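Biologist: I should be grateful for a close look at one residue in this model and at what surrounds it. Please begin with its contacts and then work outwards, in terms that a first-year student can follow.

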Amino acid sequence: MDAGKLCNRKVITTERDTTIRDAARLMRKHHVGCLIVTEEKAGITEPVGILTDRDIVMEVIAADIGLDEVNVGDIMCYALLKVCEHDSILETAQRMRARGVRRVPVINDKGELRGILALDDILGLLSEELSMLARLTSREAEQEQKKRA
């Protein structure tokens, strides 16, 4: 399976000049832990950064900075790992582990934002596959017992 098939196509986005207060409200409204920061370039919505709830806590609240004193562009992560829709889940997971990130924007060949893939999505897929394999083993034992009866 590839990243494009597993990713969530509903991505909550924002711009660099959004206040931290508004970004936090957006996260709360949509029940998400991150926002993908985008820019329009030549008619394409391109991801340029990511802001997580942890960024807000560590960079603003713990540093005792006023929520209206900084904006998303001041604290977002610019070293954004992006994966292509056709990248395999295994390759994507390896890249996420190497960079130490839990979420990645998924882009098409033009660099346009197409979705977001989270570690939880990959874990869900793997747990389904492992569960199926576990059922296969028990089904095999059932079939063997029927043959012998």
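Modeller: Arg-103 is a suitable place to begin: leaving out residues up to four places away in sequence, Arg-103 touches Gly-33, Cys-34, Ile-50, Thr-52, Met-96, Ile-116, Leu-117 and Ala-118. The model is a predicted one. Gly-33 shows how distant parts of the chain are brought together here: Arg-103 and Gly-33 are 70 residues apart along the chain, while their C-alpha atoms are separated by 9.6 Å. Is Arg-103 buried, exposed or partly exposed? Its relative accessibility is 26%, and it therefore counts as partly exposed, since that class lies between the limits of 20% and 50%.

Arg-103 belongs to strand β5, which covers residues 103–107. This strand is part of an open sheet of three strands in the order β4-β5-β6, with mixed pairing. The edges are formed by β4 (83–84) and β6 (113–118); each has a single partner strand, so one side of each has no neighbour in the sheet. β5 pairs with β6 in the antiparallel sense, over five bridges, and Val-106 is placed opposite Gly-115 in β6. Helix α5 (residues 89–99) packs on this sheet and touches β4, β5 and β6, its direction making about 70 degrees with that of β6.

The model has another open sheet of three strands, in the order β1-β2-β3 and again with mixed pairing. Here β1 (13–14) and β3 (44–52) are at the edges with one partner strand each, so one side of each is left without a neighbour in the sheet. In general, strands of a sheet pair through backbone hydrogen bonds, and the pairing is either parallel or antiparallel. β1 pairs with strand β2 (residues 34–41) in the parallel sense, over two bridges, and Thr-13 is opposite Ile-36 in β2.

Thr-38 gives a view from within this sheet, as it is found in β2. Its relative accessibility of 9% makes it buried, because the limit for that class is under 20%. Apart from neighbours within four places in sequence, Thr-38 is in contact with Thr-13, Thr-14, Glu-15, Thr-45, Glu-46, Pro-47, Val-48 and Leu-113.

Helix α2 lies across β1, β2 and β3 and runs at about 115 degrees to β2. Which residues of α2 are buried? They are Ile-20, Ala-23 and Met-27. These residues cover an arc of only 60 degrees around the axis, and therefore lie on the same side of α2. A general rule helps here: an α-helix has 3.6 residues a turn, so residues three or four places apart point the same way. On the other side of α2, Arg-25, Arg-28 and Lys-29 are exposed. The buried residues of α2 pack against β2, β3, α3 and α4 (72–75).

One of these partners, α3, deserves separate attention. α2 (residues 20–30) and α3 (residues 53–61) pack at an angle of about 150 degrees, with their axes 10 Å apart, and their crossing is left-handed. α2 contributes Ile-20, Ala-24 and Met-27 to the contact, and α3 contributes Asp-53, Ile-56 and Val-60. By character, the residues of this contact comprise five nonpolar, no polar and one charged. Within α3, the buried residues are Asp-55, Ile-56 and Val-60. Viewed down the axis of α3, these residues fall within an arc of 95 degrees and so line one face of the helix. The elements that cover them include α2, β3 and α4.

Two loop residues complete the picture. Most residues other than glycine have a negative phi. His-31, just after α2, instead takes a positive phi of about 55 degrees. It is placed in the loop between α2 and β2 and is exposed, with a relative accessible area of 73%. Ala-42 is likewise not a glycine, yet has a positive phi of about 55 degrees. Ala-42 lies in the loop between β2 and β3, and with a relative accessible area of 84% it is exposed.

Definitions and conventions
Residues are numbered from 1 along each chain as its sequence is written. This is a predicted model: local features need pLDDT of at least 70, side-chain atom pairs count only at pLDDT 80 or more; totals for chains, interfaces and linings use all residues. Side-chain values use heavy atoms; hydrogens and water are left out. Axes are lines fitted to C-alpha atoms, for helices over the stretch in contact, and angles run from 0 to 180 degrees between N-to-C directions. Helices (H or I, at least four residues) and strands (E, at least two) are DSSP runs, numbered from the N terminus. A crossing is left-handed if the near helix is turned anticlockwise from the far one by less than a right angle, and right-handed if clockwise. Contact means heavy atoms within 4.5 Å. Ala, Val, Leu, Ile, Met, Phe, Trp, Tyr, Cys and Pro count as nonpolar, Asp, Glu, Lys and Arg as charged, and the others, Gly among them, as polar. Two strands pair if DSSP finds at least two bridges between them. Buried means under 20% relative accessible area, exposed over 50%, partly exposed in between (1.4 Å probe, protein chains only). The arc is that of the directions from the helix axis to the C-beta atoms.
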